[in-house]
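Me: Please take a close look with me at one part of this model, and then show me what surrounds it. I would like the details residue by residue where you can.

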Amino acid sequence: MTLLSVRHLVTSFPTDRGPARAVDDVSFDLATGETLGLVGESGCGKTVTALSILRLLEDTTAHIDERSTIEYAGRDLLRLDRESLRRVRGAEIAMIFQDPSASLNPVLTVGSQIAETIRAHRDASRRDAMARAEELLRLVGLPDPARQVGAYAHELSGGMRQRVMIAIALSCEPKILIADEPTTALDVTIQAQILELLAGLQQRLGMAMMLITHDIGVVAGLADRVAVMYGGQIVEQAATADLFRHPTHPYTEALLRAVPRIDRPTTRLATIPGMVPPATSWPSGCRFHPRCPHAWDRCAAEMPPPLPAGGGRVARCWLIEEPERRAS
Amino acid sequence: MSPVVRRALRQARTRSGLALAVVLGAVALFAPALTPYDPVEHLDPRDGALLGPSVAHPFGTDDFSRDMFSRIVFGARVSLTIAVVSVLIAISAGTAVGSIAGLAGGAVDAVLMRVVDALLAVPRIFLVLLVVALWDRVEVVTLILILGLTSWFATSRVVRAEVLSVREREYIGAARALGLGRMRLFFRHVLPNIAAPIVVSATLGVGHMILVEAGLSYLGVGVRPPTPSWGNIIRQGQEWILPGAWWISLFPGIAIVITVVAFSLIGDGLRDALDPRAR
Amino acid sequence: MARTIALRLLQGVVVVYVVVTLTYVTLQLAPGDPFRRTMDQQRVSLEDRARWLAERGLDDPIPVQYGRYLLGLARGDLGRSFVDSRPVRDILLEAIPNTLLLAVAALIVDFTVGIGIGVVQGTRPGSRRDDALSIVTLTLYSMPVFWLGIILVMFVALPIDWIPTGGARDPILFGRQSLLDVVIDRLRHLLLPGLTLGLVGAASTARYQRAALLDALHQDYVRAARARGLRERAVVLRHALRTSLLPVIALFGMSLPLLLSGAVLVEQVFGWHGMGWVAVDAIAKRDYQVVTGAAILAAVMVVVGNLVADLLTQIADPRTREAS
């Protein structure tokens with residue numbers, strides 16, 4: 001059952017050189033219990049997409065287009081009044097951020113930050129909320145939760161801080177968890193632990209999850225479906241296995257090729273030629289065409305809409321209609 | 001023109017401040033031309049002592065029948081000169097000490113900064129009062145020196161911090177590898193890169209110095225009558241409030257506020273232009 | 001905590017030593033002789049002059065006087081006034097409570113008004129309210145504190161009978177008055193001087209608080225707090241404001257020298273017989289012994305104030321607490 005439905009999301013920022021569309025016509029769905037991976041290089045708009053869902057950019061100059069809609073539980077989040085939005089945040093849709101040390105208030109105890117979330121959405125006494133906080137810390141695998149409830153962020157390691165963030169996010173049993181680069185700031189060994197934790201919790205609580213990362217390996221294990229972003233757009237969406245085995249979009253192919261693999265030692269690391277263009281001057285037509293080995297004149301002239309590529313896969317690429325154009 | 005200056009000038013408040021400062025500077029410079037009356041000479045009291053503001057005397061007269069407008073204009077000259085010169089002295093001393101501390105490092109740095117911290121703990125007025133009490137005979141030149149030499153501490157800390165950050169940069173190592181002598185190294189490579197915060201410090205310093213000098217003159221310890229200084233005019237006016245001559249104390253204070261505002265605007269504008277976080 | 005106290009104690013000793021050394025170095029360099037410096041030259045005989053100097057130990061070479069002063073200081077002795085030979089310590093200890101009273105009143109005004117304005121500005125930056133308040137704080141900040149006092153006297157104390165134009169207490173109150181009367185009397189004398197000294201400080205505090213709050217509001221943890229669905233009020237007050245107060249507490253420490261400098265001037269305006277008033281009076285009488293003592297004590301007060309700021313910061317910011 002579809003839980004979240006994003007349609008034609010456009011988020012732009014005013015700059016000296018005109019509006020920069022960090023997110024340019026992004027659409028996707030998220031079903032109950034499903035994990036969607038949102039993958040892309042830095043600057044492709046994935047974080048802005050996540051922030052736009054909960055309207056967390058409203059204290060900045062960001063502007064979301066009137067025609068964009070984000071449907072959740074029968075309502076358009078983009079049109080909700082402040083108080084209703086507040087009730088959705090944290091309780092229905094929760095978010096964890098990339099840098100747990102910056103996202104935790106340094107002068108408040110970890111436990112009180114969990115407790116305040118609970119008390120913001122539920123009628124709970126301070127003592128009950130703190131007790132629940134302790135439970136949650138245990139749930140996320142923090143050793144000695146009774147003591148850690150009174151700890152401060154700077155007293156904890158990076159991995160522990162991220163667990164605390166997860167505990168905060170789960171405190172009100174949300175239906176959706178948006179995880180923005182949850183492991184990027186962490187040690188590689190801790191990364192695996194956190195991902196396992198997220199997978200386990202998701203199973204247990206039946207949550208849907210949106211996993212945002214630049215590391216395609218992270219989504220391989222966890223995601224049911226993957227959406228690849230480039231230049232502010234989703235260029236390909238498919239079930240994870242399909243995406244990895246039969247990528248449709250040339251960018252996805254290039255990304256997969258660029259991942260170094262121990263079992264296939266090569267002499268050179270494959271890279272994608274060229275650079276990501278700035279959001280104030282997207283190329284005409286298909287955003288990827290200047291860097292695409294298969295591009296022809298149609299690619300520069302017309303922007304491809306999301307086209308069905310069979311088996312539930314969707315991609316923005318003219319090669320779907322004209323497969324013979326594929327260079328060998 | 002330096003991009004910092006350009007960015008500063010783009011702000012309306014910097015331009016306003018600059019405009020005010022220019023006007024004030026002109027007033028101070030052309031004082032004799034602007035004032036029809038002698039600011040110092042005591043006139044016959046029957047001629048017009050303690051007159052309220054009028055067309056002939058826009059700021060009124062005092063108990064010695066002196067035109068207040070003329071006194072205040074000359075006061076501008078006195079106060080601004082003292083402020084600017086003493087700030088120059090303070091900046092030079094502060095830059096010298098800060099640079100030595102930053103470049104020498106080690107024990108020299110530690111001792112210097114301890115002394116600076118100690119001196120910063122003494123409230124400035126007490127420090128100046130102390131030196132004035134010890135020195136006994138204080139004319140304007142000595143006053144400027146004392147003000148300058150008691151105001152360099154904060155600048156030295158700022159300069160030291162800047163020097164420390166610049167010191168580690170590659171071009172210093174490169175210059176030294178090329179065999180550049182220490183003085184040359186300092187003046188051509190270090191100094192230009194620490195100049196900007198020093199200029200901000202100096203600009204804001206002029207504003208502070210005006211207030212300090214006014215305070216001292218008010219106490220009777222700075223510029224002494226009959227030489228007009230905004231501070232001592234306010235003091236003089238304090239006796240005449242009860243009898244109702246409100247204008248004597250009022251106008252010099254307004255002059256001070258305008259002057260300090262002007263330099264604060266410029267200084268703030270420059271400081272915001274320097275801030276890497278463009279807001 | 002013990003470490004902090006120890007460090008500040010050490011700083012206090014260094015400060016006092018530096019001030020005394022500065023004093024005697026200046027004395028050495030200064031023109032004029034001690035007799036001329038401390039008394040008006042009248043027709044005084046050479047023997048009288050010699051006796052006067054000897055009585056005060058001013059005929060010894062300066063390094064000797066320096067050593068003697070330091071030794072005396074170790075015992076808490078600040079020397080004697082040249083004018084009436086009273087111990088400087090007694091003269092100053094009489095006056096210090098008045099200055100402390102004034103300083104505390106000013107600090108209360110400073111921080112309540114300053115933080116208040118800063119928060120009002122910081123929650124709506126760029127609004128007309130913000131711009132208007134910026135003009136107010138800039139103007140207050142640029143005002144000579146003694147002039148503000150005079151203006152307040154002119155426009156508030158003179159028209160309103162109940163508010164006195166000067167002094168620390170009503171001279172006509174006799175011992176029979178109830179405690180309440182005494183307290184009220186002291187308070188109404190404290191009103192204008194405290195307000196004067198406090199408002200100028202408040203301007204500076206407001207600017208600082210505004211910047212600190214704006215900075216805090218842009219931090220990640222504030223966004224994270226909003227993402228959790230906390231009410232906007234809780235986000236601003238509990239998260240942003242709380243952390244923005246930390247630099248303002250530090251500001252308290254840094255603003256003490258300015259506060260005491262201002263106190264000297266305010267005490268003059270209102271005839272408030274505090275430490276500053278005594279020092280200025282001593283200058284007129286060329287009694288530099290008293291001025292030296294006042295400078296030393298003022299510096300010590302600043303160091304103590306800094307210690308208070310340190311301790312407050314440790315309470316407010318868990319990151320600064322010494323590892324247990």
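Reply: Let's begin in chain A, where the C-alpha centres of domain 1 and domain 2 lie 30 Å apart. Domain 1 of chain A takes in 2-92 + 174-325, and domain 2 of chain A takes in 102-173; these bounds come from an automatic or database assignment. The model is predicted, so local features need pLDDT of at least 70 and side-chain atom pairs 80 or more, while totals for chains, interfaces and linings use all residues. Residues are numbered from 1 along each chain as its sequence is written, with chains lettered from A and ligands numbered from 1 in the order written.

The contact between the two domains involves 16 residues of domain 1 of chain A and 14 residues of domain 2 of chain A (contact: C-beta atoms, placed from the backbone, within 7 Å). On the domain 1 side, helix α8 of chain A (residues 188-205) gives the largest share, seven residues (helices are DSSP runs of H or I, at least four residues; strands are runs of E, at least two; both are numbered from the N terminus). That side of domain 1 of chain A consists of 12 nonpolar, two polar and two charged residues (Ala, Val, Leu, Ile, Met, Phe, Trp, Tyr, Cys and Pro are nonpolar; Asp, Glu, Lys and Arg charged; the others, Gly among them, polar).

Now for the close look: strand β10 of chain A, residues 225-230. Six of its six residues are buried, so β10(A) is largely enclosed by the rest of the structure (buried: 20 or more other C-beta atoms within 10 Å of the residue's own, placed from the backbone; exposed: 12 or fewer; partly exposed: in between). A:Arg225, A:Ala227 and A:Met229 point one way from the strand, while A:Val226, A:Val228 and A:Tyr230 point the other way, and all are buried. That fits a general habit: in a regular strand the side chains alternate between the two faces of the sheet.

What does β10(A) pair with? One neighbour is strand β3 of chain A (residues 35-39), which runs parallel to β10(A) and is joined to it by four bridges (pairing needs at least two DSSP bridges). Within this pairing, A:Leu38 has A:Ala227 as its bridge partner. Another neighbour is strand β11 of chain A (residues 233-239), antiparallel to β10(A) over six bridges. Here A:Tyr230 stands opposite A:Gln233. β10(A) and β11(A) make a hairpin with two residues between them, and A:Gly231 in that turn has a positive phi of about 55°.

Stepping outward, chain A also meets chain C: 23 residues of chain A are in contact with 18 residues of chain C. On the chain C side, α9 (220-227) and α10 each supply at least two residues, and α9(C) gives the most, six residues. The side of chain C that touches chain A has eight charged, seven nonpolar and three polar residues.

Chain C has a contact with chain B as well, through 39 residues of chain C and 38 residues of chain B. Among the chain C helices that each supply at least two residues are α1 (2-29), α10 (232-270) and α12 (288-316). The most comes from α12(C), with nine residues. This side of chain C divides into 30 nonpolar, eight polar and one charged residue.

Across that contact, helix α6 of chain B has B:Val115, B:Val116, B:Ala118, B:Leu119 and B:Ala121 buried. The buried residues of α6(B) pack against α9 (153-167) of chain B, and also against α1, α10 and α12 of chain C. Chain B as a whole has 13 helices and zero strands, and 48% of its 279 residues are buried.
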